[in-house]
Amino acid sequence: MNNYDLLLNDTNCELTHHQNIANKIDHFQVIIIHDHRHNFFDYNYLINFPSENVRKKVDANRIFPRGKNETFIVRQQDYENNIDLFFKIRVDARREVLAKSTEFMVAKFFSTYEGHLAPLFVNKPTLKWEILNKLYAKYDKMVRAHTRLNDENSWNVFSTWYRTYLMNHTVSEMIKKHGYDTLNALEREILNVLFLEEMRMNFASNDSFLNKFTADVNVYIEKMLSEILAVFELEKNSMEQINELLGVGEQVSVHQPIESTAKTNNLVVMSNAIYQFITEAISNQNFVCELGQWPRATIQGARLAGSLQLLPREEDRTASRMNQLHNDAQTLSEVDVDVLDSLCHLYLAQLGDRVEIRFDDLLTIRGLKTKLGGTGRRGGYEKEQRIQVLKALSTIQSLWMELETVLVYEQGKPVNKKMQGRAFIFSNEDGSPCELNEKSLPERLYVTIGEVFEPFLQGAARQVKLLPNQAIEFNPYQRKWEKKLIRYVSWRWRTQARKASYLQPHKISTLLEKIGIQIDSQAPSRIRDRLEKALDLLEEEGVITFWQYNHWNEDGMSKKGWLRIWLDATIIIAPPDEIVSYYEPIERKKSIKTPNNFSLAQTKEEVCKNIGSVFKECRINRGLTLKQVSDELNISTSYISNIERGGSLPSQTVYKKMKDWIT
């Protein structure tokens, strides 16, 4: 780093001239209001991973990037007259330095482990962002705990160096431009005005200055971070870090790769009866809106009985708010359930008393792409997308449970309890209630789990399930049936896991009821076709291994009254092998009647378990990408990728397409 106390001093005369002018400069403060861009490194590196451009910045330790920020130079007297305001801005700037340092550490991790991570991220943006969030939390904690970065004296030293750097550079430039004699003859006030104007121009438009200044600041911050960087180097090439981020335990066992694969292809969300009731109530618009009453959905069962209301905080219970929630209850959609599942997954990924969740993560986890900015770079999500999430969060924030009966397990014994409370509680960083409105979209919110869920997240009573990524990645309007089916059958698989009774048939009328489909006697054929089409798509996507009618006679469909026969019929829906394997540790006993191998002779006899590796080898030899083959065969890239990795077996239709393509 240049020592600007000994600046360009070819002769003692030049040093004297420089010092004479510098002595006439009044004390000043530099106030920078950062134009914060959430995760600077995301745009080119994490979204388009890997990126050569940002990799170079990481290798060069470009911790603090050059950005467009508002910079104000104020005299010391003006600063002291508004010290509370300016101090708050300086603290915000300090936090920005810490945030940029944390983001750099995240990008450095991605760059270091690029060879290991790239294959895992193929068509899996949700995994990419899951790892990002965990890394950010890890390095944010390290940075904030670092003594030098949280010591007031260290920041005062940095601030002094910062101002000295700027003063010496600016004075040198002024002497070059105007000459020492001219400057020395100026009155002190005029000289200071000229000095401040010169510095403002440097920050506003002097590219040479900004590039050099940014580079030197980076060197200084790198020294402040040297201890953390040293720890990072010690951990380098440690695969244990990646296993930890993927949710894989320390034990090395046969179950380890299964768990890793399962969590790559699935979210982890709650599976207790209360959570399932909430998702169905929102998805199927089960809320009743009576005049003068808050929207309410009810349930009456042996294990769960009570109601779910859209009920705001007491201070917000106005007539206008009630009318708004009535309207919201009638326009609920799969987007609201998507946000609920995303929120739940992100909460469980951190699982603390109070968890920080970034607003944009609720969009990213659903596989949505940011729009392009004016320069062709990713600029952020569309306003409409953000408002959809905001509306969903507002609904989730108002969820209030009043339960007369809830079956919980205490010390292994079932107990019926009476409970009430919020599902989720949102707050700001300072603990105040989070206000959700379009005028001030929050960058992040802090989430606390409601008391009604606490009994289901502790020890052996913990109830969570694997939810296939497609449940939130599918289009909420075009693939509504598929999304509803995924959520319901994934919940059933979790409840069947104890006895491994995955092939227990589903009654068609129950399936339709659970996904909120009303039977239209005028067009029952359309309902049957749509259900079968949805199940076919789930099979092709690898969400289910297969589906088939149970003890079915198609001849009955040509007779009068076939609708009743069809509604009473049952369907077997088998989960993917990875989900079965993931749930194996919680099986209480094996079901004699239900084998774990779902390759039924009449439906899967032609499936070759080696089709994935053979297909991948053939594709690579032909020089084709997953996307190219996906377009050619009309099979989703994620499904092909799963088959190639051995994570899923193809359906008969897909198997035939792949076999024909190979030959």
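Helices, of at least four residues, and strands, of at least two, are DSSP runs numbered from the N terminus. The exercises below concern a predicted model.

**Exercise 1. Determine whether the length of helix α20 agrees with its number of residues, and whether α20 is enclosed or not.**

Solution.
Step 1. Helix α20 covers residues 480-496, which is 17 residues.
Step 2. The expected span is 1.5 Å times one less than the number of residues, and for α20 this gives 24 Å.
Step 3. The end C-alpha atoms of α20 are 24 Å apart, in agreement with the expected span.
Step 4. Of the 17 residues, 15 are buried, so α20 is largely enclosed by the rest of the structure.

**Exercise 2. Locate alanine 500 and glutamine 285, and classify the burial of alanine 500 and of glutamine 285.**

Solution.
Step 1. Alanine 500 lies in the loop that joins α20 to β14 (506-507). Its phi is positive, about 55°, although the residue is not a glycine.
Step 2. Glutamine 285 belongs to the loop between α14 (273-283) and β4 (296-300). The phi of glutamine 285 is near 50°, again a positive value in a residue other than glycine.
Step 3. Buried means under 20% relative accessible area, and exposed means over 50%. Alanine 500, at 1%, is therefore buried, whereas glutamine 285, at 38%, is partly exposed.

**Exercise 3. Describe the surroundings of leucine 183 and the polar contact of histidine 18.**

Solution.
Step 1. Leucine 183 sits in helix α8 (residues 180-185), and its relative accessibility of 0% makes it buried.
Step 2. Beyond neighbours within four places in sequence, leucine 183 contacts Ile21, Met174, Ile175, His178, Leu191 and Leu194. For leucine 194, which is 11 residues away along the chain, the C-alpha separation from leucine 183 is 9.5 Å.
Step 3. Histidine 18 is part of helix α1 (residues 12-23) and is buried at 5% relative accessibility. Its side chain forms a polar contact of 3.3 Å with the side chain of serine 172.

**Exercise 4. Identify the residues with the most contacts inside the largest nonpolar core, and the helix that gives the most to this core.**

Solution.
Step 1. The largest nonpolar core has 102 residues, and Phe424 and Trp566 have the most contacts inside it.
Step 2. The helix that gives the most to this core is α16 (residues 334-350), with eight residues.
Step 3. Apart from this core lies another, of 31 residues, including Val97, Val143, Leu191 and Phe195.
Step 4. Not counting residues up to four places away in sequence, tryptophan 566 touches Ile508, Leu512, Ile527, Arg528, Leu531, Tyr549, Trp552 and Met557.

Conventions: Residues numbered from 1 in each chain as written. Predicted model: local features only at pLDDT ≥ 70, side-chain atom pairs only at ≥ 80, totals over all residues. Heavy atoms only, no water. Buried < 20%, exposed > 50% of the residue type's maximum accessible area, 1.4 Å probe, protein only. Contact = heavy atoms within 4.5 Å. Polar contact = N/O pair within 3.5 Å; in protein donor to acceptor, adjacent residues only side chain to side chain. Core = buried A, V, L, I, M, F, W, Y, C linked by side-chain atoms within 4.5 Å.
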